[in-house]
Amino acid sequence: MISMVEGAERRKTPNEIALEILLIALTGVFLAVVASTYSVSAYSAASSGRGTSASLTVLIALFVCLAPTTIAALLPAIGIAGMDRLFRLNVVALSGRAIEAAGDVNVLLLDKTGTITLGNRQAADLLPVDDQSLDDLMEAALLSSLADETPEGKSILALIQKKTGKAPVSPENVTFIPFSAATRVSGAQCSKITYLKGASDAITKAVLARGGFIPSDLKAKVNGVASAGGTPLVVARNETILGVIFLKDILKTGIKERFADLRRIGIMTIMITGDNHLTAATIAAEAGVDDYLAEAKPDDKLRMIRDYQNEGYMVAMTGDGTNDAPALAQSDVAVAMNNGTQPAREAANIIDLDSNPTKLLDIVEIGKQILMTRGALTTFSIANDIAKYFAIIPAALIGIYPQLKVLNIMGLATPQSAILSAVIFNALVIPMLIPLALAGVKFKTMPASQLFAYNLTIFGLGGVIAPFIGIKIIDLVLARLLHI
């Protein structure tokens, strides 16, 4: 288990890499623009004997206005806002990258019990097999559940008490066998008698190893429980299978609709469970998940996550047990429960203080909102550079090329006021956009292509128009103040 955790490694998100490349590329492009503007102006001034080359002040103003300072300045505000929204949900992100990664998630792994179902599976019935008696089955189920502190174990004791009318009593000289993710069984040892309960395949394997046989109707009873959406637990005494406990699962209200929303924005949902394939398939169909992993062990979860990551997917997962630690350490977004084990919390990058696994869905939505906000502001930041070209380039080169006067479509008063207006607008636009960065763009469940078109229309078009208006207003104010 330790080696699996140590071998796990988180990656940079595609969006993080893309934004880093974009900012570096834009900075390089604008440096080239500034350098070429100086070279062209110096050559033209010397060859024509008209005007002077662009001054250092103008070149610095050009670079400051064109460089992607807006989005770079707003990134911290977007991140802080995302962490604040998580705090309101009583969720702590251990790194800003964790929230950003949540926005890029396209595969979501969810534990069945407690996330998709209510988590408190209740024992609904006891089904003896072949010619075994109900009394023997209840005795074995009772002894194997006395030390089981889970809701399922307690419900088994409650069901037996209801059927017998007697409170369960722990006998002397009994040694309890704790549940293990590897064996997937628990039970008790009384003298030379071993009582076990667990998954059908695990109990079958244990019974066959002891020289026992499989009852003819066991498979039918197990499949009947699974087909009804329940979880079958098989009970055995030494080498004899006595019967099946019917654990009833109940889906959480509205969970199917939430999965449908995630599907609309391109996120695949996968249910992980230790149940057999038939139970898993029934619950998966009722919940509306895209896929499921049944009879899952720690290495199965880890292998599935790595397979999806190797195919280019970003994977999120929730977990609370030590057996979840390797998968949590490997997943791009790992949400651990506060009431979970220390290894699980150490392997995660987000901690849910309320220990509510369904918050993973909210975390993904907040990550998507941050991603949408960053995309919208990046679009606006790039688009508003267009107006600055129309303000600064004519102002910088009009002395050499009088024909550039035609580009002064805003009718700015003088070259000096044009450059100053562009610089002032560039300084004002960042604090003006901080409220939007903090509030965030409203989350919309739409495909990436529609989201791109939406951002291009609203923030792209707005980013083009707003600077023309803003720079013109500032120029009018400057012209009045300076009596130009």
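Which residue forms a salt bridge with Arg 184? Figure 1 answers this, and the other views follow. The model is predicted.

**Figure 1. Arg 184 forms a salt bridge with Asp 201.** The closest N and O atoms of the two residues are 3.0 Å apart. The pair links distant parts of the chain. Arg 184 sits in the loop between β4 and β5, and Asp 201 sits in helix α8, 17 residues apart. Arg 184 has 7% relative accessibility, so it counts as buried. Asp 201 is partly exposed, with a relative accessible area of 33%. Side chains of opposite charge can pair when their charged atoms come close.

**Figure 2. Lys 197 and Asp 148 meet in a salt bridge.** Their side chains are 3.0 Å apart, N to O. Lys 197 belongs to strand β6. Asp 148 belongs to the loop between α6 (134-145) and α7. The pair therefore ties together parts that are 49 residues apart in sequence. Both Lys 197 and Asp 148 are buried. The structure holds twelve salt bridges.

**Figure 3. Arg 258, Asp 362 and Glu 365 are linked in a network of salt bridges.** Within this network, the side chains of Arg 258 and Glu 365 meet at 3.8 Å, N to O. Arg 258 lies in helix α10 (residues 255-264), and Glu 365 lies in helix α15. The pair therefore ties together parts that are 107 residues apart in sequence. Arg 258 counts as partly exposed, at 24% relative accessibility. Glu 365 is partly exposed too, with a relative accessible area of 25%.

**Figure 4. Six strands form an open sheet.** The order is β3-β8-β7-β6-β5-β4, and the pairing is antiparallel. The edge strands are β3 (122-128) and β4 (174-177). Each edge strand pairs on one side only. From one strand to the next, the twist averages 20°. At the β4 edge, four bridges join β4 to strand β5 (residues 185-190). These two strands run antiparallel. One residue to locate here is Ile 177, whose bridge partner in β5 is Gly 187.

**Figure 5. Helices α7 and α8 lie across strands of the sheet.** Helix α7 (residues 151-164) lies across β3, β6 (193-198), β7 (231-237) and β8 (240-248). Helix α7 runs at about 60° to β3. Helix α8 (residues 200-209) lies across β5, β6, β7 and β8. Helix α8 runs at about 155° to β6. Two salt bridges from earlier views involve these parts. Asp 201, the partner of Arg 184, is in helix α8. Lys 197, the partner of Asp 148, is in strand β6.

**Figure 6. Helix α5 has buried residues under cover from several elements.** Helix α5 spans residues 96-104. Its buried residues include Ala 98, Ile 99, Ala 101, Ala 102, Gly 103 and Asp 104. Helices among the covering elements include α2 (14-48), α4 (69-88) and α15 (359-383). Strands β1 (91-93), β12 (333-337) and β13 (350-352) also contribute to the cover.

**Figure 7. Glu 100 of helix α5 touches Thr 13, Glu 16 and Arg 374.** This list does not count residues up to four places away in sequence. Glu 100 is partly exposed, with a relative accessible area of 24%. The C-alpha atoms of Glu 100 and Lys 12 are separated by 9.8 Å. Along the chain, Glu 100 and Lys 12 are 88 residues apart.

**Figure 8. Ser 381 of helix α15 is in contact with Thr 70 and Ile 71.** Neighbours within four places in sequence are left aside. Ser 381 has a relative accessible area of 5% and is buried. Under 20% counts as buried.

**Figure 9. Seven residues make a nonpolar surface patch of about 670 Å².** They are Leu 461, Ile 465, Ile 469, Ile 473, Val 477, Leu 481 and Leu 482. Ile 469 is in helix α18 (residues 448-481). Ile 469 is partly exposed, with a relative accessible area of 48%. An α-helix has 3.6 residues a turn, so residues three or four places apart point the same way.

Note on methods:
Residues numbered from 1 in each chain as written. Predicted model: local features only at pLDDT ≥ 70, side-chain atom pairs only at ≥ 80, totals over all residues. Heavy atoms only, no water. Pairing = 2+ DSSP bridges. Axes fitted to C-alpha atoms, helices over the stretch in contact; angles between N-to-C directions. Contact = heavy atoms within 4.5 Å. Buried < 20%, exposed > 50% of the residue type's maximum accessible area, 1.4 Å probe, protein only. Patch = residues over 30% accessible without salt bridge, like charges linked within 9 Å, V, L, I, M, F, W, Y side chains within 5 Å. Areas by Shrake-Rupley, 256 points an atom, 1.4 Å probe, with all protein chains shown as cover. Salt bridge = Lys/Arg side-chain N within 4 Å of Asp/Glu carboxyl O.
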